[in-house]
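Student: I'd like to learn how to read a model like this one. Can you walk me through it?

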Amino acid sequence: MNSSVIGKFAENAVNFLFQHFRGGFDAFSAALGAVVKLLEDGLAAVPFVAMLVILVAFALWRRGVVFAVFVGAALMVIHYMGLWAQTVSTLALVIAATFFSLVIGVPLGIWGARNKRVEVILRSLLDFMQTMPAFVYLIPAVILFGLGRVPAVIATIVFSMPPVVRLTTLGIRQVREELLEAGRSFGNTDSQLLWKIQLPNALPSIMAGVNQTIMMALSMVVVASMIGAGGLGEYVLSGIQRLDIGIGFEGGLGVVLLAIVLDRLTESFGLKAKKSKRTVRTVKPAATSTAVRT
Amino acid sequence: MTPNLTFAPEGVLHPGALQAEDVSAMAKPIAVSGTDILKVRNLSKIFGPKPERAVELIKQGLGRNEIFEQTGNMVAVNDVSLSVKAGEIFVVMGLSGSGKSTLVRLLNRLIEPTSGQVILEDRDIAPMSTLELREVRRKKMAMVFQSFALLPNRTVLDNIAYGLEVAGLKKADRYAVARSALTRVGLGSYEKLLPGELSGGMQQRVGLARALAVNPSVLLMDEAFSALDPLIRFEMQNELLRLQKEEQRTIVFISHDIEEAIKIGGRIGIMKDGCLIQVGTPAELIQSPADAYVRDFFRNVDVSRFLKASSLMTTVERGLISCDIGAPCERYLNQLIDSGVECGYVCDEAGRYQGCVTPASLHKSGTHPIREAFVRDVNAVPLDADLHQLATIALSQEHDVPVTDTMGKLAGVVSCRTILKQVMERRAA
């Protein structure tokens, strides 16, 4: 089976990058690898019980008792299956990939919202990134960065970035026109308009994007186990290789539980606006001024 | 009947003249200092691909629709010139689509003018750089929006302090100013709430306070009360008039509601199809509308408040008695009977109105001084007395109502028949 001219072009492009920027890729790879390793070691250093307490408390703060109980149960199940180390490893990869996706994706989204032409280019690029089968990213990632965590994180960044870019652009575009008018009429500079009006009002949408990005990163990290990402994905992969239903199911269950915990927790930040509103209402002062009759 | 447009200054009421109950509530600060703070000259805005072509077609005298058909350009504001005096509320009135909201946005360049000048305190805003314009927006002009346009994620206090924050004031300083603005609009205890937790009327008070906080030279209000329900709107109008009484501000107020316009407007400019077709005080517009479009605005409005004695009165020819009030009655009895009128109006030698007599009252008093023959309750009203005041006097007695000028001289009388006719006409409309 041979690829046509189109495939050759992609191949040549990757080879060109590899041959001419090898040093650069190696350095970047080392740096990124160090960051991921540090993150993973850091998380692994926290004893299971401490992590359990922290996450349950966090769940209680963000969503309440029911969710806190669920988080506690989910972590115990994972621990019971003996998958805690793998889960921490996967979590570290997800956090690293998400962090870079946001650092790159949010500014791109803002740029797209402010410039129509940029948005058109971005949109086609994002469509491409999102619909290209996830496995395909693994090939150039391996060529450029070798096997292991680094190519896994790189491929994951590419795959998980589109939602946060799109939803950032959408969120900023959806800020009501009269708020922008109000901002301009009071003499805002463009950056004041962005930081004081557009971003705060686009926050729920951006947070939905962050949530989606995390979910996509998690799914990609599992796929990336094929190039040595380790973690839960590796466990699932070994289940496939050995046709062992038990191992496959346990690994899969670990992924599902982690996904639910991450999803609900990050989702709660998108609802932040509503929550804080409720807390303010409780301290509502009594109407003392007689002039207030509206 | 030719409308008389000379008015005595408002608020100078003669002793004895009745004042309608609602006048004090409606009274607006009229003592405008008179200098033009904001001048708009030949301001136009044309939306669309080739504004230059549209400008040519305007010069050829083509209408808005024809220009749109031929060029695809929309003439939103067409060659508007006006001047706003310091301390007055200038209302721009028009139906939707008449270009009034575009006009107000041209003033602070939320929309860029196609041509023309906007001169605020002797500086033309239209050609200013972004930097200069920003300074003007921060310090000289503030805007209140129909939809309030409050930032939903900020507290009431932070919303009000917004203009000052943008201008770079320190937190403590801007909060101090914002608190005082908040107190002025009567929402002192609500500073920690979010806008979403307030009613519409309260939100617009916050919007108003936000604009007042920057202490602008000109306040732009774009249909500021139109989104409120009628009772709240009424209250906000009174609130605005109250604030205006405390401290006179120059306000350009956009409205499509004629009652609102005549209530709060010192002067009103009427817009139609992007053109400013008439500017005047409410009374001027009611009494001499430029065309049917202007007249139609007032069709369903109770304009009795603006129908003044000066325009309804007729001069007294027969029945004018000029004498000292100490003169005996009998001397004037025959004169009055010969003139064939029901009553006579007695003026002193300087022409000042003294009282009203009838043949019967003169006959009865005989040799007594004429002042003893005065019919009770025939009180004079000033030139600017409105229909309501005239009707009140007419009800209390049966003679024509005398009208006096600021010197107390008899200027004319308004017959009860005229008053009745005007009242009937208002009701019919």
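Tutor: Sure, starting with the elements: chain B has 18 helices and 16 strands. Those are DSSP runs, numbered from the N terminus: H or I over at least four residues for helices, E over at least two for strands. This is a predicted model, where local features need pLDDT of at least 70 and side-chain atom pairs count only at pLDDT 80 or more, while totals for chains, interfaces and linings use all residues. Residues are numbered from 1 along each chain as its sequence is written, with chains lettered from A and ligands numbered from 1 in the order in which they are written.

Student: How many helices and strands does chain A have?

Tutor: Chain A has 13 helices and 0 strands. Its C-alpha trace spans about 80 × 50 × 30 Å along the principal axes, and for chain B the spans are about 85 × 60 × 40 Å.

Student: Which domains is chain B divided into?

Tutor: Domain 1 covers 32–140 + 216–303, and domain 2 covers 310–428. Those bounds come from an automatic or database domain assignment. Taken over C-alpha atoms, the centres of domain 1 and domain 2 of chain B are 45 Å apart.

Student: What share of the residues in chain B is buried?

Tutor: Buried residues are 45% of the 429 in chain B. The count uses C-beta atoms placed from the backbone: 20 or more others within 10 Å is buried, 12 or fewer is exposed, and in between is partly exposed. In chain A, 36% of the 294 residues count as buried.

Student: And what about contacts along the sequence?

Tutor: Two residues are in contact if their C-beta atoms, placed from the backbone, lie within 7 Å. In chain A, take the contacts between residues at least 6 apart in sequence: 76% of them join residues at least 24 apart. For chain B, residues 24 or more positions apart make up 68% of the contacts with a separation of 6 or more.

Student: How do I describe a pair of packed helices?

Tutor: Use the angle between their axes and the distance between the axes. Here, helix α11 (residues 232–242) and helix α12 (residues 245–270) of chain A pack at about 155°, with axes 8 Å apart. The axes are lines fitted to C-alpha atoms over the stretch in contact, and angles run from 0 to 180 degrees between N-to-C directions.

Student: What does that angle make α11(A) relative to α12(A)?

Tutor: Roughly antiparallel. Under 35 degrees is roughly parallel, over 145 roughly antiparallel, 65 to 115 roughly perpendicular, and the rest oblique. Residues making the contact include A:L232, A:Y235 and A:V236 of α11(A), and A:I247 and A:G248 of α12(A).

Student: Where is A:T169, and is it buried or exposed?

Tutor: A:T169 lies in helix α8 (residues 149–173) of chain A. It counts as buried, with 26 C-beta neighbours inside 10 Å. Leaving out residues up to four places away in sequence, A:T169 touches A:G109, A:G112, A:A113 and A:E119.

Student: Which backbone angles should I look at in chain B?

Tutor: Try B:R109, which has a positive phi of about 55° although it is not a glycine. B:R109 sits in the loop between α4 (100–107) and β4 (115–120) of chain B, and counts as partly exposed with 19 C-beta neighbours inside 10 Å. Then there's B:F148, also not a glycine, with a positive phi of about 70°. B:F148 is in the loop between β6 (141–144) and α6 (156–160) of chain B, and is buried, with 24 other C-beta atoms within 10 Å.
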